[in-house]
Amino acid sequence: SPRPIRQDRKGRSPQSNRGDGLRRRRSPSRERGYQGHSPKRHRRASDHSSKRELPRSHHHKHDRAAVPAVSLPYSARSLTKGDYFTFEPVFAEYLDVQKQLRLEDMDEREAKGRWKSFMGKWNRGELAEGWYDPEMFARIASRNPVPSERLPQAELVEREEVTRQTDLHSDDDYGPALPTQEVSRRFGARAPTVQDLSIRSELDQEAREADHTALQSERKADRRQQKERLDELVPRAEPGTRERKLEKRQAVNDKMRQFRDKSPGMDAGNETELMGGGDSLDEYKKIKATEQRRKTEREIRREEIERAKREEIEERRRAWQEREEGTVAMLRELAKQRHLRQRAYGDEASNYGMRRGGAGFIRSGFLGFSPDRMDNDEDYGTGILMEDPEDYYPPSPPPTKQSYTMQSGKTVTLHLVGASPTEAHHLWNGAKIISDYFENDPSRVKGKTVLELGAAAGLPSLVAGILGAKKVVMTDFPDPDLIANMQKNIDECDETVEPRGHIAATIDALGFVWGADPEPLLARLPAAEGRFDVLILADLLFRHAEHGALVKTIKETLKRSRSAVACVFFTSYRPWKQDLDMKFFDVARDAGLEVEQVDERRLEKPLFENDPGDLDVQKTVRGFAVRWSAEDCR
């Protein structure tokens, strides 16, 4: 048998340098690969492994012993140049760990040179055992896989062939192929593998999806363009109109009709039910009837309850208004009767005193029943038979006193009646705030004529007199006790203001019914003044039935000038009737007057702390200025 060929240190056969002239056959691919190179270039010993063995050379004097095969750890196989792409991740990891180099930064020549060095160390077993571990190889390959596009076609064919041969030999093998396994290299066309078919199917599917997406985009763009052109030719109706709703419904019907035409088995359907309908009057009536039937009994009962509540509130408002009107009418009648009674009793007392020949009976103040009168009456009178006992009615509350401190530090003492049907026994918040409003700018009343309606204690009138008003007339309901109380406040204030007698000469207290003839009020003005410059209405708007009378008095007493103003300050002590209070200004506007809000303040606590309703509303005082319009002042 032929003797084995010896190899030198670099793995080359001694016969590679022989010049015996024998012709060496090469594959066509190697012929193409080595064109233009010198024929003296050394070839690898592996190139002669499958050739016939040549005669032994005696060029060297001493024969070298054959290099024994090295047993690699983990039964790993030796590497060749063709394993570069397969072991590229391990090679790159080796350069990064051992040499601190990056394979991506090297050119092809340097990479091949370092791969040759790595391959030699691998085959000689000079690397650490961890580099031969199949688990480490799989871990590095999974972390840094080599893309298929980087592999040459021949390498792909070789890898697939290795995989197929490995599967045929054993299903239990894993890791790199053992050195004993021979890998055959094939060239040229081959049958596609399952992986190739799968990749081709995925590429085809992606291409079809891309074409479908592009087609959809083109269709949407075309529909959008057609819609824009249609809007230019036939503009749509305004948004929110019934025509716009009909257009939208028609568009939906057209779309549904197109869907029906494309869908099989839809011809037999009712178009009205399918499209929704609702454009005609009959269909609209049917829809309304259906909605009416869908109302549950609970909703109907809720509506009835709300309707009953509204009617109850309206009935209470109507009863309250009638009661207010009755109270005002009663007060007017009482005042009229009292005036007539006083005049009749005065005449009768005078005549009776003259008949008796003395005035002692008149001084006694007894203007009622007497024995002499009983003798002269035809029905003999009833005496005290029909009179109420003295303790029949509860006693009236006693009068009260309150103090108000001005910004200047001056204290004004006010006397209040014990009880009054006109609510004159309170010092209202509106009177306090309007007094403070005058003090903030004394020019609002200084040197001007002032009229106060519903004055009660008369605090704003007193403050106006102190601030230098030219003439002040405070009025309230013509009740003698109420008028006497106002005069008492005037006299007491006059004693505390210098010079003495100024307040008494400036301020007058009169009884006046809103809406009555204002001539008695205008008569108190100086001769040169026809009407008042300033009117004061403090907390009077809760008398809703008297809004018209108040506006009438304003128009008859306010000077026709843009500088003349009626100051209306009030608080809605019944928050649920605040809208009724504000209707006063609607009446004023209807009468040709102008209304402007000039002040709004929130107090720390309401006047009546235990009253129901919103506390914020009860603590808020708002002030308005009512004037003649510019046209009326011309």
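These exercises walk through a predicted model of one protein chain.

**Exercise 1. The whole chain**

Task: State how many helices and strands the chain has, and what share of its residues is buried.

Solution:
- Start with the elements. The chain has 20 helices and nine strands.
- Turn to burial. Of its 634 residues, 29% count as buried.
- Add the contacts. Take those between residues at least 6 apart in sequence: 68% of them join residues at least 24 apart.

**Exercise 2. Helix 3**

Task: Compare the reach of helix 3 with the expected value, then find what its buried residues pack against.

Solution:
- Helix 3 covers residues 108-124, which is 17 residues.
- From first C-alpha to last, helix 3 reaches 24 Å. At 1.5 Å a residue, 24 Å is expected, so the two values are close.
- List the buried residues of helix 3: Ala111, Trp115, Phe118, Met119, Gly120 and Trp122.
- These buried residues pack against helix 2, residues 88-99.
- Look just past the end. Glycine 125 follows helix 3, and its phi is positive, near 75°.

**Exercise 3. The annotated stretch**

Task: Describe the chain over the residues that UniProt annotates as "coiled-coil region".

Solution:
- The annotation comes from an unreviewed UniProt entry and covers residues 286-323.
- Over residues 286-323 the model is 95% helix and 0% strand.
- The end C-alpha atoms of this stretch are 49 Å apart.

**Exercise 4. Helix 13 and its surroundings**

Task: Decide whether helix 13 is largely enclosed or largely open, and name elements that cover it.

Solution:
- Check the length. Helix 13 spans residues 429-440, and its twelve residues should reach 16 Å. Its end C-alpha atoms are 17 Å apart, which agrees.
- Count the buried residues. Ten of the twelve are buried, so helix 13 is largely enclosed by the rest of the structure.
- Name them: Asn429, Gly430, Ala431, Ile433, Ile434, Ser435, Asp436, Tyr437, Phe438 and Glu439.
- Look for the cover. It includes strand 1 (400-405), helix 14 (459-466), strand 6 (534-538), strand 7 (565-570), strand 8 (593-602) and strand 9 (620-628).

**Exercise 5. Two helix pairs**

Task: Classify the packing of helix 13 with helix 14, and of helix 18 with helix 19.

Solution:
- Two numbers describe such a pair: the angle between the axes and the distance between them.
- Helix 13 and helix 14 pack at about 15°, with axes 8 Å apart. An angle under 35 degrees counts as roughly parallel, so helix 13 is roughly parallel to helix 14.
- The crossing of helix 13 and helix 14 is right-handed.
- On the helix 13 side, Ala431, Lys432, Ile434, Ser435 and Glu439 meet Leu459, Pro460 and Val463 in helix 14.
- Helix 18 (residues 547-557) and helix 19 (residues 578-590) pack at about 40°, with axes 9 Å apart. That makes helix 18 oblique to helix 19.
- The crossing of helix 18 and helix 19 is right-handed.
- Helix 18 contributes His547, Gly548, Leu550, Val551 and Ile554 to the contact. Helix 19 contributes Leu580, Asp581, Lys583, Phe584, Val587 and Ala588.
- Other elements also cover the buried residues of helix 18, including strand 3 (449-453), helix 17 (519-522) and strand 6.

**Exercise 6. Cysteine 567**

Task: Place cysteine 567 in its element, and find its contacts beyond its sequence neighbours.

Solution:
- Cysteine 567 lies in strand 7.
- Its relative accessible area is 5%, under the 20% cut-off, so cysteine 567 is buried.
- Leave aside neighbours within four places in sequence. Cysteine 567 then contacts Ile434, Tyr437, Phe438, Val534, Leu535, Ile536, Leu537 and Phe624.
- Take one of these, tyrosine 437. It is 130 residues from cysteine 567 in sequence, and 9.8 Å away, C-alpha to C-alpha.

**Exercise 7. Backbone details in loops**

Task: For glutamine 100 and alanine 456, give phi and say whether each is buried or exposed.

Solution:
- Glutamine 100 sits in the loop between helix 2 and helix 3. Its phi is near 55°, a positive value in a residue other than glycine.
- Glutamine 100 has 58% relative accessibility, so it counts as exposed.
- Alanine 456 sits in the loop between strand 3 and helix 14. Its phi is near 60°, again positive.
- Alanine 456 is buried, at 6% relative accessible area.
- Finish with a peptide bond. From glutamate 498 to proline 499 the bond is cis, with omega near -5°. Proline 499 is in the loop between helix 15 (480-496) and helix 16 (502-506).

Methods. Residues numbered from 1 in each chain as written. Predicted model: local features only at pLDDT ≥ 70, side-chain atom pairs only at ≥ 80, totals over all residues. Heavy atoms only, no water. Helix = DSSP H or I, 4+ residues; strand = E, 2+ residues; numbered from the N terminus. Buried < 20%, exposed > 50% of the residue type's maximum accessible area, 1.4 Å probe, protein only. Contact = heavy atoms within 4.5 Å. UniProt positions renumbered as here; feature names shortened; annotations may be inferred. Axes fitted to C-alpha atoms, helices over the stretch in contact; angles between N-to-C directions. Parallel < 35°, antiparallel > 145°, perpendicular 65-115°, else oblique. Left-handed = near helix turned anticlockwise from the far one by under 90°.
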